[in-house]
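Let's take a walk through this structure, stopping wherever a residue or a helix has something to show. Keep the viewer open and follow along.

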Amino acid sequence: MSIPKTYNPRETEDKWYKYWLDKKFFRSVPDEREPYTIVIPPPNVTGVLHMGHMLNNTIQDVLIRRARMQGKNACWVPGTDHASIATEAKVVALLKEQGIEKKDVSREEFLNYAYEWKDKYGGIILKQLEKLGASCDWDRTRFTMEDDLSEAVIDTFIHLYKKGWIYRGIRMVNWDPKGQTAVSDEEVVRKEVNQKLYYIRYYIVDPAQGYPDHVIVATTRPETIMADTAICINPNDTRFEFLKGKQVNIPLINRKIPVIQDDYVDMEFGTGCLKVTPAHDLNDYELGLRHKLSVIDILNDDGTLNEKAQILVGEDRFAARKKIHLMLEEAGNLEKLEDYKSQIGFSERTDAAIEPKLSMQWFCKMSEMSGPALDYVLNGEIKLIPDKFINTYKHWMENVKDWCISRQLWWGQRIPAWYNAKGEWVVAKTESEAYEEFKKQFPDSDFTQIRQDDDVVDTWFSSWLWPISVFDGFKDPDNADINYYYPTNDLVTAPEILFFWVARMIMAGHEFRGEVPFRNVYLTGIVRDKQGRKMSKSLGNSPDPIGLIEKYGADGVRVGMLLCSPAGNDLMFDESYCEQGRNFANKVWNAFRLVKGWEVDPALSNSNQQAINWFESAFNQSLIEIEDNYKQYRLSEALMGIYKLVWDDFCAWYLEMIKPAYQQPIDQETYKITVDYFERILKLLHPLMPFLSEELWHDDLFAQRGEMECCIVAAYPVAGKIDAALVHDINIIKQVISEIRNIRNTKQISPKEALSLKIKVNSEISYQDYFTIVSRLANITEPEFVKEPVAGAGTFIAGKDEFFVPLENNIDPAVEKLRIEKEIEYLNGFLRVVEAKLSNERFVQNAKPEVVDIERQKKEDALSKLKILEAGLKTLSAF
């Protein structure tokens, strides 16, 4: 078939993705092959594709496609997370637009609205992943609130409760006033915020004569003074001896509170006096427990002030702050105001400022599960890539806190706890089972009317079961899928969820399967713009991924993402990388057109055997390095290895070496082998550039393909033998050709003008063997071998050998002398660095022997080149 002049990604992508789907190439069922499994980090049903998803899913698809081509049974399980807080917020906002308040509908009605929203919007991101080329087994798509997965969550809750690892109690939690729910520590984002430090006068009850009648307290939260239950000083602070045993009046409401003493107070911070507000600060709460202080909660769940505040009831906390500022000023209680910066916690989901709040919640003990989960990583059963995250993981696991798992929402798995009229409660899966539990535990109580807990479990309490539940490992712990696909192989995710998702999945894997859930965790970096800023909608610095795909093609974007994405390090993204990816696709396309356009003459003999043998070795050598990078999860380096092999070795050198003269045919053997090389290259490219490779794979340049003989399942290349001596010699020949071309460009000599070449050989290379290649690519006459340097010539060194291109009147001795002197100066500096290394005993003793040998070889090569250059300088002095 004829091949278009330009590559059209849009037509190619739609065509081949549909073909792969229709022929079930992504489908996986257990068989006799080695499984290779990835479960997708389930994106929120509220989500649309962003640059982080692009990076994460490109990496997963590369790994899956490569494994599939290696003959493994590759299974990539897709799905979405119900995202309790985010989705509920979307549905609440949608209802408000319709004039409906959440409080005015029943739970069942609200869930109907939520499912309608999910059915309409929840699959958008998965459809967008298809545009990227994601080869997920879409028949296996799961959702964290499917019936089976939800049942697994409830069973897990009951299991852990019966073990004593889930309990209910009043604790200080992170409260999201916008979502009106508790959130875990890991869902709180700390941000530095510009604030004001308010210096407030608290007047002393019955002040001692001769001493101040007030004490000054500094706070950033004047709106909470009505919840104060003490003023605290350090017992060692001599400045406040007069306060011991005293009481003070809270400004504006004149409620008396005691002055207490505790070493916790930092004498250097603020004024040295601390207002203690146990209901609204975690540290104050701990302080209050020690001193048996009362707890006064003045905030409603939505962040407005309640009746206990006595003033500004119903006002939002931040509006109240502004008004109290004015009220304190008018009352004479405001000493001064200062600008102040501090870290404030914000809800990851709603971006509302977190409010510390005492609340009755459900908690899961983590200490019992964290030990085994830590051991798996420390003993190497699970590898974190890069391993720099191991210490961070270790620190978190050794200092883990109990997990607040209850959320004051309706969207999610409802907590299986049941209450009677007296507030007594049992944990049970169904209402009928709850009745039976009440009979056993509270036989004398009235349990004729019981109700289920209104709260749902944290979203992460369902997604920590993901690698097991997607294979129905809770529904049937011994089913064919779970036994075949689990443990999974690789997990690709972001470092920021290492603890509250990855670590918890490891805990769940140990608790419910007695083994790890995955073998390797590839941690991607954050996608940043070229200025180093994290990409976000608010900054307007994040491009639309679908727009990038439409502009540069999916393959171009995939290559662009991987060009700048070292594992665990932030990705400094620039759209130019996608342009580079598109240019690479065009390079492959044009190289294919070149080869396809050659005419073959069966009568011609093969004159390209050296070039053919060299590329065979160069391909195998590159493939070994590429595969080593894959094994080390250095995907960016693997891509660069493929990029250089294709662009440089194949296109820039091999094709130029074998290319027939203009309008001349090529011999059949060279053509056949070149087509075979192109086929191997397409296989190597496929995991990275699936659409382009599949399109070219089916061209009639190759043997007739059957409908299932696609590149997606072609056998991945395996490295063969390497002729190291040939690779070395051709590298020298390439350098010779480049230097001759450089002389032409510098002296502005036409490429059509043949140049003579004289060689002073100091090595074992037989240059006669490579004359055909040098002549064809550099346009030189038969070379001449000399014993001495040639005067009046352009000179250069390749390896250990000296080359002279006679230029007659085209050479300027002064310029040439200056060039050689600069090269000598550089080599002398290079030698000093190498000799400093070799004279360092610590380096020689501690470095690997091969590293030391390399440095010694560098020294010998530099000395050899210096000798040659100095001889050339002497020759020039004759001019």
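Two residues are in contact here when heavy atoms of theirs lie within 4.5 Å. Keep in mind that you're looking at a predicted model.

With that in hand, start at histidine 53, which sits in helix 2 (residues 51-69). Leaving aside residues up to four places away in sequence, histidine 53 touches Pro43, Val48, Thr58 and Ile125. Is histidine 53 buried or exposed? Its relative accessibility is 18%, and the cut-off for buried is under 20%, so histidine 53 counts as buried.

Val48, one of those contacts of histidine 53, also turns up on the outside. Together with Tyr121 and Ile124, Val48 makes a nonpolar surface patch of about 210 Å². Tyrosine 121 belongs to helix 4 (residues 107-121), and it counts as partly exposed because its relative accessibility is 32%.

Now go to threonine 87, in helix 3 (residues 84-97). Threonine 87 has a relative accessibility of 0%, so it counts as buried. Which residues does threonine 87 touch, not counting those up to four places away in sequence? The answer is Val45, Thr46, His82, Trp117 and Trp411.

On to a whole helix. Helix 22 (residues 690-697) has eight of its eight residues buried, so it is largely enclosed by the rest of the structure. Its buried residues are Pro690, Phe691, Leu692, Ser693, Glu694, Glu695, Leu696 and Trp697. And what covers them? The cover includes helix 1, helix 2, helix 5, helix 17 (554-563), helix 18 (575-596) and helix 21. So helix 2, home of histidine 53, shows up again as part of that cover, because the buried residues of helix 22 have it among their neighbours in contact.

Helix 21 is worth a second look, this time for its packing against helix 20. Two packed helices are described by the angle between their axes and the distance between the axes. For helix 20 (residues 635-658) and helix 21 (residues 668-685), the angle is about 170 degrees and the axes are 12 Å apart. That makes helix 20 roughly antiparallel to helix 21, because angles over 145 degrees count that way. On the helix 20 side, the residues that meet helix 21 are Ile642, Leu645, Val646, Phe650, Tyr654, Leu655 and Ile658. Facing them from helix 21 are Thr670, Thr674, Tyr677, Phe678, Ile681, Leu684 and Leu685.

Next, the charges. Side chains of opposite charge can pair when their charged atoms come close. How many salt bridges does the model hold? The count comes to 61. Take aspartate 137 and arginine 27, whose closest N and O atoms are 2.8 Å apart. This pair links distant parts of the chain, 110 residues apart: aspartate 137 is in the loop between helix 5 (124-132) and strand 4 (142-143), while arginine 27 is in the loop between helix 1 (9-22) and strand 1 (35-39). Aspartate 137 is buried, at 1% relative accessibility, whereas arginine 27 is partly exposed at 35%.

Lysine 475 and aspartate 148 also meet in a salt bridge, at 3.3 Å from N to O. Here the partners are 327 residues apart, with lysine 475 in the loop between helix 13 (466-469) and helix 14 (480-485) and aspartate 148 in helix 6 (residues 147-162). Lysine 475 counts as exposed, at 60% relative accessibility, and aspartate 148 as partly exposed, at 29%.

A further pair is lysine 758 with glutamate 784, at 2.5 Å from N to O. Lysine 758 lies in strand 28 (residues 758-760) and glutamate 784 in strand 29 (residues 784-785), so the salt bridge ties together parts that are 26 residues apart in sequence. Lysine 758 is buried, with a relative accessible area of 18%, while glutamate 784 is partly exposed at 40%. Elsewhere, salt bridges that share partners join Lys24, Arg27, Asp137, Asp139, Arg140 and Asp481 into one network.

Finish at proline 443, in the loop between helix 11 (431-441) and strand 20 (451-452). Proline 443 counts as exposed, at 53% relative accessibility. From proline 443 to glutamine 621 the C-alpha to C-alpha distance is 77 Å, and the two are 178 residues apart in sequence.

Key. Residues are numbered from 1 along each chain as its sequence is written. This is a predicted model: local features need pLDDT of at least 70, side-chain atom pairs count only at pLDDT 80 or more; totals for chains, interfaces and linings use all residues. Side-chain values use heavy atoms; hydrogens and water are left out. Patches are made of residues with over 30% relative accessible area and no salt bridge: like charges are joined within 9 Å, nonpolar side chains (Val, Leu, Ile, Met, Phe, Trp, Tyr) within 5 Å. Accessible areas come from the Shrake-Rupley method with a 1.4 Å probe; for residues, only the protein chains shown count as cover. A salt bridge is a side-chain nitrogen of Lys or Arg within 4 Å of a carboxyl oxygen of Asp or Glu. Helices (H or I, at least four residues) and strands (E, at least two) are DSSP runs, numbered from the N terminus. Buried means under 20% relative accessible area, exposed over 50%, partly exposed in between (1.4 Å probe, protein chains only). Axes are lines fitted to C-alpha atoms, for helices over the stretch in contact, and angles run from 0 to 180 degrees between N-to-C directions. Angles under 35 degrees count as roughly parallel, over 145 as roughly antiparallel, 65 to 115 as roughly perpendicular and the rest as oblique.
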